[in-house]
Amino acid sequence: MKRKFCDSLKELREEHHLSQRQLAEALKVAFSTIAMYEKGQREPNYETLENIADYFNVDMNYLLGKSTIKNSYIKELNKSVLENLVRKISLYDFISCGAGGFVDDNIIDYISLPASMFRANKEYFAQYAKGDSMINANINDGDLIIFEKTSSVDNGMIGCFCIGDNTATCKRVSISNEQIILLPENPAYTPIIVNVESFKCVGKLAFVINDRRENNEK
């Protein structure tokens with residue numbers, strides 16, 4: 001059922017803990033006028049409607065029952081502020097931190113993190129770690145890995161690397177004598193010598209959000 005002006009006025013007055021007399025004094029109208037407004041016995045002119053809307057800082061459409069949004073400007077402003085505070089990152093399927101895993105091109109979800117964690121002019125993506133080959137780099141099974149998108153490779157960097165047929169892995173890269181080796185951060189795993197022609201860098205490690213489930217379950 002559509003809300004009427006009389007209902008909106010009474011609701012706003014009570015929200016602000018005002019009596020009809022106090023509101024009448026604030027709007028410089030007679031006490032009886034407010035009473036008639038709230039009973040639906042009288043409608044204000046456009047100028048008075050504007051005064052009421054300004055006094056309560058609401059949109060005219062809300063006051064007249066045409067909208068449920070009290071102040072569309074504040075709502076859009078809050079949305080803009082939130083977008084500046086939070087950054088939405090694409091989440092892809094598990095990346096292997098073991099022998100290698102398959103990367104699907106489809107985004108499976110999005111995660112929102114504080115924008116202050118990122119560089120404004122860079123693109124990022126996220127994946128969950130699977131395996132324990134990078135434990136000495138503080139990347140554990142189930143951790144959320146945030147990568148900065150890049151195709152550039154620096155010797156010694158930890159990144160997300162494709163090594164053929166979209167097989168991807170998170171390792172530290174070592175480049176010497178035109179040979180590329182992907183190094184685990186766990187002595188239980190063997191380094192991977194890759195074919196240069198099928199090698200591609202997808203991103204470099206930005207930061208890791210450690211999975212706290214095990215600690216919480218203890």
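Phenylalanine 5 is in contact (heavy atoms within 4.5 Å) with Tyr37, Glu43, Pro44, Leu49, Ile52 and Leu63, when residues up to four places away in sequence are not counted. This is a predicted model, in which local features need pLDDT of at least 70 and side-chain atom pairs count only at pLDDT 80 or more, while totals for chains, interfaces and linings use all residues. Residues are numbered from 1 along each chain as its sequence is written, and side-chain values use heavy atoms, with hydrogens and water left out.

Phe5 also belongs to the largest nonpolar core (buried Ala, Val, Leu, Ile, Met, Phe, Trp, Tyr and Cys residues joined through side-chain atoms within 4.5 Å), where buried means under 20% relative accessible area with a 1.4 Å probe, protein chains only. This core has 17 residues, and Phe5, Leu9, Leu23, Ile52, Phe56 and Leu63 have the most contacts inside it. The elements in the table each give two or more residues to this core; helices (H or I, at least four residues) and strands (E, at least two) are DSSP runs, numbered from the N terminus.

| Element | Residues |
|---|---|
| α1 | 5–15 |
| α2 | 20–27 |
| α3 | 31–39 |
| α4 | 46–56 |
| α5 | 60–63 |

The largest share, 4 residues, comes from α4. A second, separate core of 14 residues includes Tyr92, Ile158, Cys160 and Cys162.

In α3, the buried residues are Thr33, Ile34, Ala35, Tyr37 and Glu38, and these pack against α1, α2 and α4. Just after α3, glycine 40 takes a positive phi of about 75 degrees.

Serine 90 lies in strand β1, residues 86–91, and counts as buried because its relative accessibility is 15%. Leaving aside residues up to four places away in sequence, serine 90 touches Ile107, Asp109, Tyr110, Tyr124, Phe125 and Ala126.

Methods
Buried < 20%, exposed > 50% of the residue type's maximum accessible area, 1.4 Å probe, protein only.
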